[in-house]
Structure formats: structure tokens, C-alpha cells
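Biologist: Please take me closely through one turn of the chain in this predicted model, and then follow the thread from there to other parts of the fold. I am new to this, so unhurried sentences would help me.

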Amino acid sequence: MNESTKISDSVSQLNLNQWMFESSPDCVKVLDIEGRLLEMNRNGRCVMEVDDAVCLAGREWPSLWPEASHADIRASLLAARSGQVGRFSAFCPTVKGTPKWWDVTVTPILGDSGRIERILAVSRDITALQVAKEMERENAARLQFILEAAQVGEWELDLATGTARTSLLHDRCFGYTEPVTNWSMGRFGEHIHPADRQEVESELKRAVMGRVGWRSECRVVWPDSSVHWICVQGSIYRSPSTRAGRMVGTVADITLRKRAEALAEGQRLALEQAVSGAPLSTILDVLTRAAEEGSGETVMASVMLLEGKRLRHGSAPSLPPAFSRAIDGVEVGPSVGSCGTAAFIKRPVVVHDIEKDPLWADFRDIALSHGLRSCWSQPILSLQGKVLGTLAVYRDKCWTPTPAERESMGLLLNTTALVLDRHQQATERQQAEAELRQMADELARSDRRKTEFIATLAHELRNPLAPIQSGLELMNVPHSDPESLVRIRAMMARQVRHMSHLVDDLLDVARITKGTLELRKEPIALQDIVAVAVDTSRPLIDAGAHTLRLQMPDVPLMLKADPTRIVQVVSNLLNNAAKYTPSNGHISLIVERDEGMVQISITDNGIGLHPEALSSIFEMFVQVHKGLDGAQDGLGIGLTLVRQVTELHGGAVTVTSPGLGSGSTFSVRLPLLQNSVLDESSVQPANLDGNRSTAQLRILVVDDNVDAAEVLVELLRMSGHEVRVAHDGFQALELAEASRPDAVFLDVGMPGMNGFEVAMTLRAKPHFESVVIIALTGWGAPGDRAQSRAAGFDHHLTKPTNFDDIEILLASLAPASAAGHILAMRPHVQG
Ligand code: ADP
């Protein structure tokens with residue numbers, strides 16, 4: 001190489017350096033060895049926004065930088081001066097203040113002598129990179145904040161190796177409080193609840209194969225064995241270098257959400273079932289299950305229902321059955337376990353530790369033996385605040401519910417109350433409907449019975465009327481044979497008695513039904529009553545050719561009873577025994593003492609009763625043998641009277657029968673009078689047999705019905721009395737003055753002056769003060785009797801009057817002789 005070539009070489013080298021200096025995109029500066037700025041390339045001036053390069057010349061390079069980077073600059077200058085390369089990155093705004101980040105390399109420039117003569121500083125604008133990094137940092141921080149706020153963990157899984165990187169939040173979702181360093185796909189699988197494992201695996205496989213996102217909701221088992229819900233999501237990223245790629249995702253603990261969902265779903269289902277009329281136990285099972293699922297951990301729930309003052313089992317699908325049985329029927333009280341107490345105080349009761357709480361004293365052992373350690377019970381209240389039952393939650397560990405748990409269980413409690421309220425209303429409605437139906441049936445039945453009764457009554461009344469009518473016709477035949485006339489009269493008297501009986505029975509039933517029957521109770525020996533009843537029924541018993549066996553204790557059994565009524569009871573039963581037993585039957589009447597009661601049993605071997613008839617036979621108008629061969633006529637009110645009269649005496653009547661054709665036994669139980677078994681000597685014989693006196697009396701008969709008056713006059717005269725007759729009130733007063741009668745039979749309903757006025761006028765006169773005045777009237781109601789008593793009547797006989805009754809009455813008026821006896825009489829109106 002020649003000289004000119006060398007020069008041109010060095011020139012061209014100079015030019016090249018200059019060209020490179022100027023064309024570099026970086027900010028290139030030449031400094032002197034002290035670090036003063038000698039030169040800056042064009043691009044440098046441009047990026048540093050330097051308009052006037054001259055003013056920069058000679059400036060200390062570090063002085064162009066912010067204070068913060070001076071140390072770095074000095075260190076790099078020092079390095080350059082010692083022949084090394086200094087590097088640093090720092091922030092330095094442009095001359096005009098635009099913020100810039102620089103990556104700076106400081107190198108020595110050697111002179112021809114090989115000594116360091118200058119320093120080259122190359123600043124690369126890395127602002128864009130720095131901003132990107134800053135943004136990335138910011139984004140990462142923001143993401144972290146969001147994940148933490150949402151309690152979402154993140155993870156990254158290497159699909160090729162199955163190893164993973166996880167965040168602490170991720171690890172917490174699996175029950176770890178410290179970061180897990182060696183998380184892997186296998187470890188994840190182990191935590192998944194066995195019941196959910198298969199599904200999660202197939203969901204993950206589908207995602208990997210189809211290169212789509214993965215999302216699973218499943219239960220995980222924590223190291224302490226508790227079960228929680230997670231939601232895990234991920235998406236696949238493939239890098240060009242690896243085929244399998246990686247999966248990045250999040251995981252969140254959704255236990256609370258799942259519990260809330262279970263509670264809501266349970267309530268929805270229960271309400272749906274309630275509307276569709278499912279059985280209460282099914283609905284309560286759904287609600288208790290919801291309570292259990294809504295509480296997550298090992299919780300057992302139960303619903304108990306209030307019945308009276310006790311709590312009865314409603315639903316407890318998970319509680320040990322032996323424990324449920326033990327607390328079934330627990331009484332509501334101020335310290336009876338959790339449920340009994342909660343129902344009593346109408347507020348929730350939390351028993352944190354069953355072992356220590358005195359409320360559980362009575363049930364502690366059984367609870368602990370079944371692993372129940374805590375119980376939270378809440379009263380189920382209706383809209384009106386009425387306790388319907390309790391909802392309890394048991395756990396196998398000591399525990400107090402959190403506010404969130406109280407809140408979510410409160411909703412379930414409301415739904416349970418709604419369901420129970422609705423059920424109760426429906427039950428009450430059904431009961432009311434059933435009662436209404438029963439009433440309607442009963443009404444229809446009683447209506448039918450009444451219709452049958454009216455037909456029977458018409459028939460029964462027509463029966464005696466026919467012979468009476470024929471009797472009358474026969475009596476009208478002139479020159480009738482006197483003997484046959486006697487027979488006809490006797491027949492007619494029997495028929496009239498029969499009719500009066502029917503009417504009396506009807507009136508009695510009406511009086512009892514209206515509660516107006518007056519009992520004239522007196523101490524009386526039952527044996528006397530039975531004797532009279534037997535006498536009364538004797539004709540019917542004899543007509544059937546039955547044998548009657550009587551068995552009674554000898555010692556008198558005293559009752560406080562209305563003798564007439566009890567005779568009626570016993571003779572009704574004897575009559576029935578005679579009526580409903582084919583001829584030549586056997587009837588027995590047995591009187592037995594049983595503690596403070598006496599029992600009269602009347603047994604026959606007659607047509608008996610079907611078991612179904614036993615319950616209805618005492619009802620009004622019931623005739624179970626209607627239409628049967630051997631059944632006799634009647635009105636179906638005799639037994640009603642028997643029962644009502646017996647009950648009015650504080651007794652009861654029952655019937656038994658081995659069945660149709662096998663006879664029956666009617667038993668009447670009556671209370672004995674206290675200290676009632678008396679000496680025979682102390683027993684007052686009752687005036688039941690109508691000991692009749694035929695002592696002669698002066699009698700005045702007053703009746704505007706001439707025929708009726710004449711018949712009575714005739715009968716009284718035949719009995720040996722001295723009788724006068726008047727057909728109106730005025731005549732009656734005159735005759736009374738004239739004849740001074742012992743007794744006056746006074747018709748009440750008369751034109752002009754009626755019987756009441758006559759009685760009152762007589763009573764107003766002192767000399768008639770003791771005359772016995774007997775009302776004869778068709779009106780026998782208690783009001784009529786009271787009215788006649790007020791007017792001064794002593795007795796009240798209803799028409800048609802049985803002459804036997806008149807004779808009994810007159811006999812009671814005349815002790816030995818007619819004179820002066822009336823003053824000794826006890827006046828009363830017979831009822
Ligand atoms: P009545 O005899 O007038 O029909 P009751 O009230 O006395 O009315 O009796 C009601 C029904 O009870 C009778 O119709 C008859 O069917 C039945 N009954 C009563 N006593 C007996 C009895 N001793 N044996 C069988 N059936 C009887």
C-alpha cells in the first residue's frame with residue numbers, strides 16, 4: 001500500500017466513522033476524558049430535542065441527567081477511563097422535558113498512541129420498552145388485586161409434564177394456608193370428591209382434546225376432611241416449541257354460593273310440592289335436606305311439629321332413628337333441650353356444647369352417644385305468631401351459627417312456616433268440609449227417620465182409632481147386649497190408653513230435647529221401682545207367654561230418683577224384651593250392686609240385634625227390625641226416652657247382643673244414693689201402686705163440652721163421689737158456693753169466663769182456700785202448667801184424661817174420711 005493509498009484510507013476511515021456516528025439511531029456523544037460533552041450526533045440531538053447544540057458543548061455530561069442517575073453515570077465514566085465498558089439504564093427527560101428512558105453504554109476511545117483520549121457514550125432510547133414493562137407490571141398488579149378481591153386463585157399447568165404453578169389463593173381453595181410448592185394434576189385429582197371425580201376428568205379431557213376452555217364445578221375434600229365447592233376454569237396456550245402446551249386458569253371457592261343455591265332450590269321445590277298437594281312429610285323432608293345441604297358440613301336437620309303441648313317428629317332424614325324416637329313427643333317447656341325450650345320461649349336457642357349445657361340435662365347421654373355435640377333450634381312461627389314447631393340443626397362438634405348462617409336459615413324457616421301454615425289451613429278446611437258433609441248426612445238421615453216416623457205415627461194412631469170408631473158404632477146399636485157393651489168399653493178404654501201413651505212418650509221426648517223435663521227426685525228403693533215396672537209390663541209379658549226371672553238383692557238399694565221416670569225406663573225395656581221375643585221366650589231382670597252404682601240388666605232370648613245396630617239403636621225414631629218378621633209396631637222413641645231419662649239421673653244405658661236371633665241385654669246403670677243401703681224399716685214405701693181410697697168426696701165438674709162433662713160425672717158417681725156439674729164459669733161459681741166441693745175439675749178453655757178466671761175467683765175467697773182445683777186441658781206444655789199454677793190450680797191433667805189417673809189423684813186427696821182432709825194435702829201440679 002502506497003502513501004496516497006494510506007491517506008485516502010485514513011480519510012475514508014474518518015468518513016466512515018463520521019457516517020456511522022451520524023447515522024446511528026441512538027444518541028451518540030463524544031466526551032472528553034473529564035466527561036465534558038464535545039459532540040452529539042444528529043439523531044441524538046433529535047431524540048433529546050436539542051435545538052441549539054452549541055449551548056451543550058463543553059457541558060458536564062452528568063449535569064444533563066437527573067440527580068438520581070449521577071452515581072451510575074460516574075461509575076460508568078470511571079469504567080471507561082480505566083479501559084472498560086460502563087453500562088447503566090436510567091431515566092432522563094429531553095431538553096424539552098419529554099420523559100425518556102435510556103440504556104447507556106460508555107466506552108473509551110483510544111488515540112493513535114493507544115491511550116484513552118476520549119469517551120464514547122451511546123444512549124439508546126428504551127422508553128417504549130420501559131413503558132411496556134411498566135404497563136405489564138401495572139397490569140399484573142391490577143390482576144392480582146382483582147383476583148384477591150374476588151378470592152380467585154390462579155394456576156398454570158404444563159400439559160406435557162402435569163406439573164403446575166399455583167397461587168396461594170388457589171391453594172387455599174383446597175384447604176391449605178401456606179403455599180404449596182409441588183402442585184400437580186395428580187394432586188388436584190386427589191382432592192376432588194370421589195363422587196365428582198369422573199365427571200371433572202371427562203370435562204378436562206374434552207377441553208384438552210377440543211382445544212376449548214375448561215370449566216368444572218365440583219366438590220373438593222380438604223385435608224381436614226371437610227367438603228367444599230370450587231369452580232375451576234382454564235384455557236389452553238400452545239407455544240411453538242411445545243406441542244402439548246399449557247393451561248392457565250383460575251379457581252374459586254363457591255361453597256357459599258352452592259349452599260345458598262341448595263337452600264333456594266330446596267325452598268322452591270318444597271313450595272312447588274306444597275302447591276301440588278304433596279304429603280306434608282315429603283315436603284318437610286325436602287326442607288330438612290335443604291337445611292343440611294345449605295349448611296355444607298356434617299349437619300343433621302330436623303323439623304318437629306307442635307301437637308298440644310308436645311313436639312312430635314316431623315322430618316329428620318339424617319338424624320339417628322334411635323335419637324329421633326327418644327325426643328319424639330318431648331314436652332314444650334322452659335328448659336327442655338333446644339327444641340322444647342325454643343318452642344316455649346318462641347326464640348332461637350343455640351346450644352354450643354350439648355355436653356356442658358344444662359338445657360340438655362335430660363337428653364345429653366343419648367345425644368352424645370349418637371355423636372351430636374351442638375344444636376341450634378329455631379321456633380317455626382305462623383303469620384299470627386303461633387308456634388307451629390321447630391327447625392333444628394345438629395352438628396358433631398361444638399358450634400355457634402355465624403350471622404350469615406342465621407340469615408340464610410331464616411329464609412328457610414319462613415318457607416317452612418309458610419308450608420306448615422298452608423298445610424294446617426288445608427287440614428282445617430278438609431275437617432270443616434268433612435264435618436259439614438257429616439252434618440248434611442246426619443240431617444238427611446234424621447230427615448229420613450222423621451219421614452218414616454210420621455208414617456209410623458199415622459199408622460200407630462190410626463190403629464187404635466179404628467176399633468174405637470167401630471166400638472162407638474156398636475154402642476149406638478139399640479138394645480145392645482150389656483155384656484158386649486162392657487167388652488166394647490173395655491176395648492175402647494185400652495185403645496185410648498194406648499193412644500195417650502204414644503202422645504205422652506212424644507211429649508216426654510220433646511221435653512227432654514228442650515231440656516224442660518222436670519225430675520221429681522226422691523229417695524226410693526230400686527226394688528220398689530222394679531216391682532211397679534214389672535206390674536206395668538206384666539200384661540205384655542203374659543201376652544207373649546214369656547217367663548220372667550227376677551233377681552234382686554234383698555237389702556233395699558236406695559236411689560235419689562224420680563220414681564215415675566225410672567219405672568218408665570225399666571218397663572220400656574221389659575216391654576221391648578216382650579215385644580221383640582217370639583212367644584214362650586225367657587226374660588230375666590237382674591239387679592246388681594257395683595260400687596256406688598246399681599246395674600239393672602234385662603236380657604231376653606228374642607230376635608236380638610245386628611252388631612251395626614248397637615250404636616244407633618238409642619237414637620230417636622230408629623227401628624232396626626222394621627219389616628222383619630216378629631217385629632212389632634212402635635215409634636222408635638222408647639229407647640231414646642230410656643237413654644235420656646237414665647242420663648238425666650246421672651246414669652248410662654248400654655246394649656249387647658250376640659247377633660240377630662240370639663237375644664239381647666240392655667243394662668241401665670244408676671248412681672246409688674250415698675249410704676243408700678238401708679234398713680228395710682227405714683224405707684218409705686213409694687206411692688207407686690196407686691193405693692186407691694174410695695172415700696166419698698164432693699166434686700164439682702166444670703166443662704163447656706157437655707158430653708165430656710157428662711162422661712166424667714158418670715164415672716165419678718160410679719166411684720161413689722157426690723158430683724155436681726156446671727157448663728160455664730158463672731154457673732161453676734154459683735154451684736161452688738152452694739155445694740162447697742172438696743175438689744173441682746175445671747176445664748180451662750171455656751167461653752165467657754175461662755177456667756183460670758174461675759180458679760182465681762175461687763181462690764180469692766177464704767172459704768175456698770183449701771179446695772183442690774184440678775185443671776182439665778188439652779195443653780200440657782210447661783208454660784201452660786206454670787200458668788195454671790199461678791191461677792191457683794193444684795193439679796193439671798191433660799185431655800184425654802185416663803180415669804185411672806183421676807182415681808189415683810182422688811185417692812191421694814182422701815186419707816180416711818172426706819172431712820177436713822184437704823188441708824193436709826201437699827198441693828202440686830203433676831208433671
Ligand atoms: P219401638 O220399640 O217403639 O220401635 P224403641 O226405641 O223402644 O222403639 O226401640 C227401637 C228399636 O230397637 C226397635 O224398633 C227394635 O228394632 C229394637 N229393639 C229394642 N229392644 C229390643 C230387644 N229387646 N230385642 C231386639 N230389638 C230390640
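Modeller: Begin with the hairpin that β20 and β21 form, in which two residues lie between the strands. One residue to look for in this turn is Glu 595, whose phi is positive, at about 55°. On either side of the turn the two strands run antiparallel, and eight bridges join β20 to β21, which covers residues 597–604. To see one place where they meet, find Arg 593, which stands opposite Val 598 in β21.

β20 also pairs with another strand, β18 (residues 547–551), and here the sense is parallel, with five bridges. Within that pairing, Gln 551 has Ile 590 of β20 as its bridge partner. If you trace β20, then, you can follow an antiparallel pairing with β21 and a parallel pairing with β18.

Now go back along the chain to the loop between α16 (563–579) and β20 (586–594), where Asn 584 is found. The phi of Asn 584 is near 65°, which is again a positive value, in a residue other than glycine. Is Asn 584 buried or exposed? Its relative accessible area is 55%, and because exposed means over 50%, Asn 584 counts as exposed.

A comparable case is Arg 211, which sits in the loop between α7 (194–210) and β8 (214–221). Phi of Arg 211 is near 55°, a positive value for a residue that is not glycine. With a relative accessible area of 57%, Arg 211 too is exposed.

From strands that meet in a hairpin, turn to another antiparallel pair, β3 and β4 (residues 101–110), which six bridges join. In a regular strand, side chains alternate between the two faces of the sheet. In β3 (residues 86–91) the covered face holds Gly 86, Phe 88 and Ala 90, while the uncovered face holds Arg 87, Ser 89 and Phe 91. Ala 90, from the covered face, stands opposite Trp 102 in β4.

Just past the end of β3 is Cys 92, and this is a good place to ask about disulfides: how many does the model contain? The count comes to zero. Cys 92 is in no disulfide, since the nearest cysteine sulfur, that of Cys 27, is 9.3 Å away, and a disulfide needs two sulfur atoms within 2.5 Å. Cys 92 is buried, at 2% relative accessible area. Cys 375 is buried as well, at 1%, but its sulfur lies 5.1 Å from the closest cysteine sulfur, in Cys 339, and this is too far for a bond.

Next come the empty spaces inside the model, for a search of the whole structure finds five cavities of 30 Å³ or more. The largest cavity holds about 110 Å³ of space. Among the residues that line it are Trp 155, Leu 157, Trp 183, Met 185, Phe 188 and Trp 214. Two elements, β6 (152–158) and α6 (185–191), each supply at least two residues of this lining. By type, the lining of the largest cavity divides into nine nonpolar residues, two polar ones and no charged ones.

The second largest pocket, which contains about 1,100 Å³ of space, has a lining of 29 residues, and the closest to its centre are Val 496, Val 711, Leu 715, Thr 801 and Phe 803. Elements giving two or more residues to this lining are α13, α14 (482–514), α18 (706–718) and α22 (803–813). The largest share, eight residues, comes from α18. Here the lining divides into 17 nonpolar, four polar and eight charged residues.

One of these contributors, α13, is a helix that covers residues 403–476, and Leu 465 is found in it. Leu 465 counts as partly exposed because its relative accessibility, 43%, falls between 20% and 50%. To gauge distances across the model, compare Leu 465 with Asp 353: these residues are 112 residues apart along the chain, and their C-alpha atoms are separated by 89 Å.

Notes
Residues numbered from 1 in each chain as written. Predicted model: local features only at pLDDT ≥ 70, side-chain atom pairs only at ≥ 80, totals over all residues. Heavy atoms only, no water. Helix = DSSP H or I, 4+ residues; strand = E, 2+ residues; numbered from the N terminus. Buried < 20%, exposed > 50% of the residue type's maximum accessible area, 1.4 Å probe, protein only. 1 Å grid on protein atoms, 1.4 Å probe; cavity = no way out; pocket = protein on both sides within 12 Å on 5 of 7 lines; lining within 4 Å. Points joined across faces, edges and corners; volume = space filled by probe spheres on them. Nonpolar A, V, L, I, M, F, W, Y, C, P; charged D, E, K, R; others polar. Pairing = 2+ DSSP bridges.
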